[in-house]
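Trainee: I have this model open on my screen and would love a guided close look. Could you walk me through it with me following along?

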Amino acid sequence: GWRLHGVCSAFAEASEATEACLDASPAVDAPPRASQVLVRVRVDWGQSTLLLRILTSMLEAKPLAGLSGREAEIYATQVLEAFISSLTETPGGGFRHHVRLQEAAGHAPRCSRVFPRTVLMNVPQPASSRPTFDAADDGSGVKAAVYAGTLGVPAVAGVTDAHLETLVTPQNPGELVRPRLEDAAMESLFVGLVEDYVAQGVKLVCAQKLIHPHLRRRLRDAGIVAVQRLSVLHVGGVTTATGAAALPDPFASLSESEDSTTSPESGLGPGALGLAQRIYWLDAGPTAPGSEGGGGGEAWWQQRQSRERFLAIQGLADDAVRAHGRAAQPVTTLLVTNTDDTSLQELVHVTKGMLTVLSRLLQQPFALVGGGAWESCVVEMLEERAAAAVPKMPRERARREARLRRDGIAAFASALRRASLAPGSASAGGDAPALDCFLSRKAAIQAASEIAIAVLRIRGVLRSGDG
């Protein structure tokens, strides 16, 4: 037990010493020419050079993502553009981003594209029911209703999504909407809700779960786009971009014992509907017109032979949002493309890390010279600390504890050295050294130390149980 405690204490000491060494490093305004140096480089958000170097280093450290050189620089620029365009100030005085990632396999990475103030959703929709809506000249905006669950589904036992999906078929087009409630009565309620939508000027109805098939038909006939079975992330993106409230299903309050001719409350009061500048559809084309990732306009996204079909909801400008008194935020979608699913998932994973690094650089705008530079300096400090950990002591028990402390610190230093020599930790290319986010490296060291200590303690418990 005391041996395990000594090793864990040594790991914790080494982790704290490493963090203290990083905090005590001098701050400079430009990366030094010498590679073996421990300094914190200030990152100026007014100039994107260092920011792009950090992001490019992260991309080139993941060869499975398939981006290097000029392509990595282009994609890093797109990530930075998406991050900056979606920043909003928090009540505490900080900033947070609203970047959403939408995936599309089967296209080259250069086809990735930034959609500012736009939510993209990959949803199936027949070509015949894909209209485009633009805000009026008076700035009133295109209205959208968002539902957090189902829409048009009464709270009746035995009525499930699978049951409702079979209602509209060639074999039973007139089947009852729900048990013991007249189909004509429910249809009249659907007509009343659609009339309410039309009166309010609603052009888009979204639901996280199922929209009743009879109600979908009514909405389509009225020229309203109905989108169902959205993920929680999509629902959150639409409410954030448009300022809509996530409404409950007004039909959920109906039961078998109630009068089915009584119209339910629609809940479409002031502030419940979202506002958008434009609602339109995109088909992601298989190739871009050139090697410059986002260029070429929208023409190549309109090719019909593509598998990917997106509903795009473009939010209002900031002045229009303030004029309408909405709580909408500038959501930006980054459409991430790659040639196959494996490379795409790797690129998405790296992109999430890039967004995390940018958020941390907003908190503390400092970077470390990477490529093993700062790790070498820290390892040298830890080795000196370990060498001085065994003074001459009269008691054998004290000497054994001191040796455990020395070995624990030396093991931490050895692990850090191996990490600095791992593939992907080299220079960013040319004479420019790779740069690591200061706050991310501190968090990684702390997390790795806590995990190592937890594993040691679990192993100790298991061994004591076997004994």
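Trainee: In which loop does R229 lie? Please start there, and then take me on to helix α3 and what surrounds α3.

Mentor: Happy to, and do keep in mind that this is a predicted model. R229 sits in the loop that runs between β11 (225-227) and α7 (232-242). The backbone there deserves a look: R229 is not a glycine, yet its phi is positive, at about 55°. Most residues other than glycine have a negative phi. As for its surroundings, R229 has 45% relative accessibility and therefore counts as partly exposed.

You will meet a positive phi again at R117, another residue other than glycine, where the value is near 50°. R117 belongs to the loop between β6 and β7 (118-122). With a relative accessibility of 22%, R117 counts as partly exposed; the cut-off for buried is under 20%.

Now to helix α3, which covers residues 69-85. Its 17 residues reach 25 Å from the first C-alpha to the last, close to the 24 Å expected at 1.5 Å a residue. Among its buried residues are A72, I74, Q78 and A82. The cover over the buried residues of α3 includes two other helices, α2 (49-60) and α9 (341-363), along with the strands β5 (99-105), β6 (113-115) and β15 (332-338).

Let's follow α9 a little further. The axes of α3 and α9 come within 11 Å and cross at roughly 55°, so the two helices are oblique to each other. The crossing is right-handed. On the α3 side, the contact is made by Y75, A76, V79, L80 and F83, and α9 contributes L347, T351, M354, L355, L358, S359 and L362. Sorted by class, this contact has ten nonpolar and two polar residues, with no charged ones. Y75, A76, V79, L80 and F83 also count as buried.

One last stop is another loop, the one between β8 (133-134) and β9 (142-147), where you will find A135. Its relative accessibility is 15%, so A135 counts as buried. Leaving aside residues up to four places away in sequence, A135 touches G141, V142, A276 and Q277. For a view along the chain, try I279: A135 and I279 are 144 residues apart in sequence, while their C-alpha atoms are separated by 8.9 Å.

How values were computed: Residues are numbered from 1 along each chain as its sequence is written. This is a predicted model: local features need pLDDT of at least 70, side-chain atom pairs count only at pLDDT 80 or more; totals for chains, interfaces and linings use all residues. Side-chain values use heavy atoms; hydrogens and water are left out. Helices (H or I, at least four residues) and strands (E, at least two) are DSSP runs, numbered from the N terminus. The expected span of a helix is 1.5 Å times one less than its number of residues. Buried means under 20% relative accessible area, exposed over 50%, partly exposed in between (1.4 Å probe, protein chains only). Contact means heavy atoms within 4.5 Å. Axes are lines fitted to C-alpha atoms, for helices over the stretch in contact, and angles run from 0 to 180 degrees between N-to-C directions. Angles under 35 degrees count as roughly parallel, over 145 as roughly antiparallel, 65 to 115 as roughly perpendicular and the rest as oblique. A crossing is left-handed if the near helix is turned anticlockwise from the far one by less than a right angle, and right-handed if clockwise. Ala, Val, Leu, Ile, Met, Phe, Trp, Tyr, Cys and Pro count as nonpolar, Asp, Glu, Lys and Arg as charged, and the others, Gly among them, as polar.
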